[in-house]
Amino acid sequence: MNTFYALFPLLIIVAASLLVMILEVFFKREDRSYLAYLSLLFLIASAAACVKFWNKGYSYFDGNLSLSNLSLFFCSILIVATFLVILISMKYLTLHSANYGEYYALLLFALSGMIIMVSSSDLIVIFLGLEVLSLSSYALAGLRREDEKSNEAAIKYFLLGSFASAFLVFGIAFLYGATQATAIPSIIEGLKTGSSIGTLGLVGLGLVVIGFGFKVAVVPFHMWTPDVYQGAPTPITAFFSVGPKAVGFAVLLRIFIPYFQDALESQLLFGLLWIIAAITMIAGNLIALRQTNVKRILAYSSIAHAGYLMVAILAKDILGLVFYLTAYLFMNIGAFAAVIALGKKDHEYLELEDYRGIGFRYPWIGATFAVFLISLAGFPPTGGFLAKFYVFSAAVRQGLVSLVIIGVLASLVSVFYYLRIIIYMYMREPAYEVDINYDNPSLFLALFLCLYGVLQLGIFPGNILVLIRQAVAALPFL
Amino acid sequence: MEIPILSIVTFLPLAGALLFIFINRDKENLLRYLALFISIITFIVSLYLYFNFNAQTPDPQFVEKGPWIGYGINYHVGIDGISLYLVLLTTFLMPIVILSSWTYIQNRVKEYLIFMFLLQTGIIGVFVALNLFLFYVFWEAMLIPMYFLIGIWGGKRKIYATVKFVLFTMLGSLLMLVAIFYMYNLFYKATGTYSLNIFDYYRMILNPNVQVWLFLAFGLAFAIKVPMFPFHTWLPDAHVEAPTAGSVVLAAVLLKMGTYGFLRFAFPMFPDALQKFLPVLGVLCIIGIIYGGLMALIQKDVKSLVAYSSVSHMGLIMLAIFALNLEGIEGGIYQMLNHGLSTGALFLCVGILYERSHTRLIKDFGGVSKQMPIFSAFFLVCMLSSVGLPGLNGFVGEILCLFGVFKANKVLAILGVTTVILAAAYLLWMFQRVMQGPITNDKVRSFKDLNLREIAYLTPIVILMFWMGIYPQTFLRKMDVSVSNLVNQVNRKEAIFTEAKKENKPPVNMHVLTENEKDKDPIAKEDKESQ
């Protein structure tokens, strides 16, 4: 149905970010937590709108912005992700003297960009959304202005990100040239019916893969990831590791799953994505073995997870992909939340050596962190296991047995470095005192929510699966 | 409504673990007593299974089935004559290991007991699960508590040992997971319904070429767990570094998960591939038996001696199971229980010595029996049970195993007997060096004999050793029907294949699968589908 309501989830977020910016100017206060609470409130409102519109199929702007169930589901997980990120950043910002009012505004702008991306099926609109997301992200990466690493992260992200955007626009132009369309369904239709110029279309799609490959950090477009993840403020790293990845895959899913329904023309691209998936899983996990900085370990781990998600695309398994992203959201933000929890004024404990004996000194933080790591490694009974189970079993169903074997062996490698953190936390004696700031209720709330999410998705995922099935069932393009 | 007795047995320890989270860590004695209480309750509840077990039917009993995630993933548990004793063995040993670590574990008692309980739930879950997904969940989830038990309370090289243990096991089980996906998919293609129920899979008659790969994937997972030569290298490390209770659980129950896996999954599902691999497997078992025995002979450390003896003994158990006849498999299962008791008890004895001397090197001991006469008696019985002295449990099991093997293959049986000879050699020699002779180390003079607690946990084991050695009927009769059903199942499927080969036509399958070109090659199949 074409109705103005379709804009609500987006408008609420945009309104919130503008309001935050204005309020910040008029109420100069040291403690800006009121901005955070305000943002959280608006996020809840936006999420409520998403829930309300479930199964309604609203759209606006001639269908350029349409809230299908799948879009709504993606919106919801992005809103949840942002919600958790705000929870984990509230105290962090004051502790690390980066408490700028525009932080929340930028975060919400980024979210609005992501919402645009997941609720549109027109590549031009998606590109608009991507730019909104990217520009806010560059600023967020460099939030700690006095910190060299943070600046480096921002510049690196900006430079490589602009390249990726350029590739994407280029790809869109090629696709337009090939099919005279910018809407994804028409492009796919054009490519499939052969009414287009084949090579042009292929080059276009290839460039789109590069553009989004950068956003979701698959090898070989991952070079920026470790440095940016390490340099950016930790809550922002958590945000980067989940948000852009989720939207990137949401778009890739819209393009490639319908495209791969047709085997004839897509062999080349299928092969390309196959190779990308394989080397992402292998390289991401292998390089992570050598890291000693926890943020970098998690950065490479997020690269490896992009590889598993790519397998889901190849397996044409939307259910698995969406479930994986949902589980990944909780376990990854949870892991970063635990890293943030181990911090004090102007200092974060990020080296593996710092984690010696943490598990017994701070039993709750240690135990939850261990659960997130175990989930990332894919052990049952956590969400991470079930996610891998769905993706890999769908891939086997599509005959991708060798890719799945590469995947499971790569995840065997990953077990080693996830467990390595646990080894430091539980099996080595502490060498020095690690003081942390305990006065951080919002962070512990986030930790608890993530823990709940990981376990709920691992043990009783029934409700979420029902929702995802509804979302997948009503797909416009299948 | 029926009482979900199996679920209670499985999840009672988990409930205990959750309860423990909320108890103050400083109340160590409360924690210990409570743990003992919970584990004894679990054991008593599990005895209900034994007394109400119907020995006349091969079907699983105490079945509970309920929807869980859907699409074939259901909660489905039950036990038959094969898994009954393994569950009982687990619940029986748990109070014993908790008692044995009463004073041994002084640090972080709370976490220790929590992990013990999680481990117990995982192990029982593996034995009762009748849904492949559920089985896999328990199979993997059980690794985590064991990882912590070795890694936190282990010896000097604990981290190396625990990582090696996890990675080895994971390697096998991940490939098994791929095989499970493959079968899940085959079943769906053939029938149009999703199922992970193992009884549905029993009905599947698979293409022999596919079977080979699936058998290799499942077999690797189980062979690593058993462990069969050459996948055994994690075992001595894990055993030596683990705390006493960890070693006991590892040897007594965890290794049985591998043999159980062969019996429950690999045999009935892939009988044809099994036949193909039998010669290789037989040889590997023999190598394991001899190699394990010889390695045990030269160990300087009592604990690693017992660990290598495990490799040797498990070799015989596997050999007996691969005989694929009633005597062999029954003997194998019986020997699994015996090995659980005797090796578990030997580890307990080593633990008792270690607690007094803080060393495990054979040369540091000598003449201990003079200082510890009661201990000496217990140790002697456990050692002889492991050697296989008539009148004790080991003898019954080994005789049955060797009968079975002899029926199947005489050469292998003759070579298999070496396990008994070698066991006598390394165990008696060890006993002589540790317990007898003059006291050479002054430290030994300060050893105190067993206290009441130690006697309390060794006594039930020794009683059971005599019982199982003198009157094995109590135990064997309840597994007869299940085992002969298993043997029939394997033979029946085997017959279908031989029939098909004789008539030179692909095996026809009425139940689930048909022999089909595209089943062989996943890539060709994918092309076909996507077109």
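**Notebook: chain B and one helix pair**

I looked up burial first: buried residues make up 56% of the 531 residues in chain B. I note that the model is predicted.

Entry on overall form. I recorded a box of roughly 80 × 55 × 45 Å, taken along the principal axes, for the C-alpha atoms of chain B. I then compared the radius of gyration with the value for a compact globule. For 531 residues that value would be near 24 Å, and chain B has 23 Å, which agrees.

Entry on secondary structure and contacts. I found 25 helices and 2 strands in chain B. I also looked up how far apart in the sequence the contacting residues lie. Among the contacts in chain B with a separation of 6 or more, 81% join residues 24 or more positions apart.

Entry on a helix pair. I chose helix H11 (residues 244-269) and helix H13 (residues 302-322), both of chain B. Their axes are 11 Å apart, and the helices pack at an angle of about 25 degrees. Because angles under 35 degrees count as roughly parallel, I describe H11(B) as roughly parallel to H13(B). The crossing of the two helices, H11(B) and H13(B), is right-handed.

Entry on the residues between them. Which residues make the contact? From H11(B) I listed B:Ala251, B:Leu255, B:Thr259, B:Phe262 and B:Leu263. From H13(B) I listed B:Ser310, B:Met314, B:Ile317, B:Met318 and B:Ile321. I sorted the residues of this contact by character: 8 are nonpolar, 2 are polar and none is charged.

Notes. Residues are numbered from 1 along each chain as its sequence is written. Chains are lettered from A and ligands numbered from 1 in the order in which they are written. This is a predicted model: local features need pLDDT of at least 70, side-chain atom pairs count only at pLDDT 80 or more; totals for chains, interfaces and linings use all residues. Axes are lines fitted to C-alpha atoms, for helices over the stretch in contact, and angles run from 0 to 180 degrees between N-to-C directions. Helices (H or I, at least four residues) and strands (E, at least two) are DSSP runs, numbered from the N terminus. Angles under 35 degrees count as roughly parallel, over 145 as roughly antiparallel, 65 to 115 as roughly perpendicular and the rest as oblique. A crossing is left-handed if the near helix is turned anticlockwise from the far one by less than a right angle, and right-handed if clockwise. Two residues are in contact if their C-beta atoms, placed from the backbone, lie within 7 Å. Ala, Val, Leu, Ile, Met, Phe, Trp, Tyr, Cys and Pro count as nonpolar, Asp, Glu, Lys and Arg as charged, and the others, Gly among them, as polar. The radius of gyration is taken over C-alpha atoms; the globule rule is 2.2 Å times the number of residues to the power 0.38. A residue is buried if 20 or more other C-beta atoms lie within 10 Å of its own, exposed if 12 or fewer, and partly exposed in between; C-beta atoms are placed from the backbone.
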